[in-house]
Amino acid sequence: KSGPPAVRPSPSPDANAVKYEAEKGTLANGATIGNDSAASGGQFVQNLHQPDSYVELEAVDGGATGGRAAMDIRYATDNHRTKLRLMINGMDYSFLNTLDTGGWNAFTGDANLTIPLQPGPTNVIRLTGGHGVVDVDYLTFTPLSSGLGNVRAQN
């Protein structure tokens with residue numbers, strides 16, 4: 001029931017990772033901003049269980065030449081059957097599972113995927129709900145190629 005044990009401790013955060021607070025994005029179709037001191041910055045995006053609700057981050061910077069990046073979505077949920085649909089620059093990247101974190105204020109969940117980013121602050125990342133209740137805290141992007149060495153937040 002608890003899965004396999006960890007092989008080693010989690011790695012330290014990457015110094016090249018860029019963090020985007022979810023509540024700074026555009027919210028639609030029922031998604032709202034919630035307040036919780038357990039969330040990064042004290043706020044998060046909630047009500048993503050509503051049909052077609054979404055949070056969209058614009059101006060995600062892909063660096064000088066773009067390339068591959070590791071994207072991590074930090075979230076909380078007390079339901080083991082939730083998913084978020086991922087769209088990158090209008091392209092559907094399917095669903096990301098968001099496994100149970102043990103509570104609505106346990107912002108310890110991580111959904112990860114390697115994604116392509118276009119050069120510059122031109123990328124649009126949309127997380128669409130409607131597939132179970134999950135609260136999104138923030139997203140981080142870590143460059144995986146030399147072209148993303150100068151990624152920066154546009155908040």
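## A tour of an all-strand model

Asn47 sits in the loop between β4 and β5 (54-60). Strands here are DSSP runs of E with at least two residues, helices are runs of H or I with at least four, and both are numbered from the N terminus. The phi angle of Asn47 is near 65 degrees, a positive value in a residue other than glycine. Asn47 is partly exposed, with a relative accessible area of 25%; partly exposed covers the range between buried (under 20%) and exposed (over 50%), using a 1.4 Å probe and protein chains only.

Before going on, a word about what you are looking at. This is a predicted model, so local features need pLDDT of at least 70 and side-chain atom pairs count only at pLDDT 80 or more, while totals for chains, interfaces and linings use all residues. Residues are numbered from 1 along each chain as its sequence is written, and side-chain values use heavy atoms, with hydrogens and water left out.

### The whole protein

The protein has 11 strands and zero helices. Of its 155 residues, 42% count as buried. The accessible surface comes to about 8100 Å², and 49% of this belongs to carbon and sulfur atoms; the areas come from the Shrake-Rupley method with a 1.4 Å probe, and for residues only the protein chains shown count as cover. Among contacts (heavy atoms within 4.5 Å) between residues at least 6 apart in sequence, 76% join residues at least 24 apart.

### A five-stranded sheet and its hairpin

Five of the strands form an open sheet in the order β2-β5-β10-β7-β8, with antiparallel pairing; two strands pair if DSSP finds at least two bridges between them. At the edges are β2 (26-28) and β8 (91-98), each pairing on one side only. Strands of a sheet pair through backbone hydrogen bonds, either parallel or antiparallel.

Strand β7 (residues 82-88) runs antiparallel to β8, and six bridges join the two. Within this pairing, Ile88 stands opposite Met91, and Arg85 stands opposite Phe95. The two strands form a hairpin with two residues between them, and Asn89 in the turn has a positive phi of about 50 degrees.

Asn89, Asn47 and Ala59 can be set side by side; Ala59, too, has a positive phi in a residue other than glycine.

| Residue | Place | Phi | Relative accessible area |
|---|---|---|---|
| Asn47 | loop between β4 and β5 | near 65 degrees | Asn47: 25% |
| Ala59 | strand β5 | near 65 degrees | Ala59: 25% |
| Asn89 | loop between β7 and β8 | about 50 degrees | Asn89: 27% |

### Where the turn meets β10

What does the side chain of Asn89 reach? The side chain makes a polar contact with the side chain of Asn123 (2.9 Å), and it reaches the backbone nitrogen of Val124 at 2.8 Å. A polar contact is a pair of N or O atoms within 3.5 Å; within protein, one must be able to donate a hydrogen and the other to accept it, and residues adjacent in sequence count only if both atoms are side-chain atoms. Leaving aside neighbours within four places in sequence, Asn89 is in contact with Gln118, Thr122, Asn123 and Val124.

Asn123 belongs to strand β10 (residues 123-128). Asn123 is buried, with a relative accessible area of 0%. A polar atom of the Asn123 side chain lies 2.7 Å from the backbone nitrogen of Gln118. Beyond four places in sequence, the contacts of Asn123 include Leu57, Ala59, Asp61, Asn89 and Leu117.

### Two aromatic pairs

The structure also holds two aromatic pairs. Rings of Phe, Tyr and Trp (its six-membered ring) pair if their centres lie within 6.5 Å; planes under 30 degrees apart count as stacked, over 60 as edge-to-face and the rest as tilted. For Tyr20 and Phe141 the centres are 5.5 Å apart and the planes stand at 85 degrees, so this pair is edge-to-face. Tyr20 lies in strand β1 (residues 18-21) and Phe141 in strand β11 (residues 135-143), so the pair links parts of the chain 121 residues apart. Both Tyr20 and Phe141 are buried.

The rings of Phe44 and Phe107 have centres 5.2 Å apart and planes at 50 degrees, so they make a tilted pair. Here Phe44 in strand β4 (residues 43-46) meets Phe107 in the loop between β8 and β9 (109-117), 63 residues apart. Phe44 and Phe107 are buried as well.
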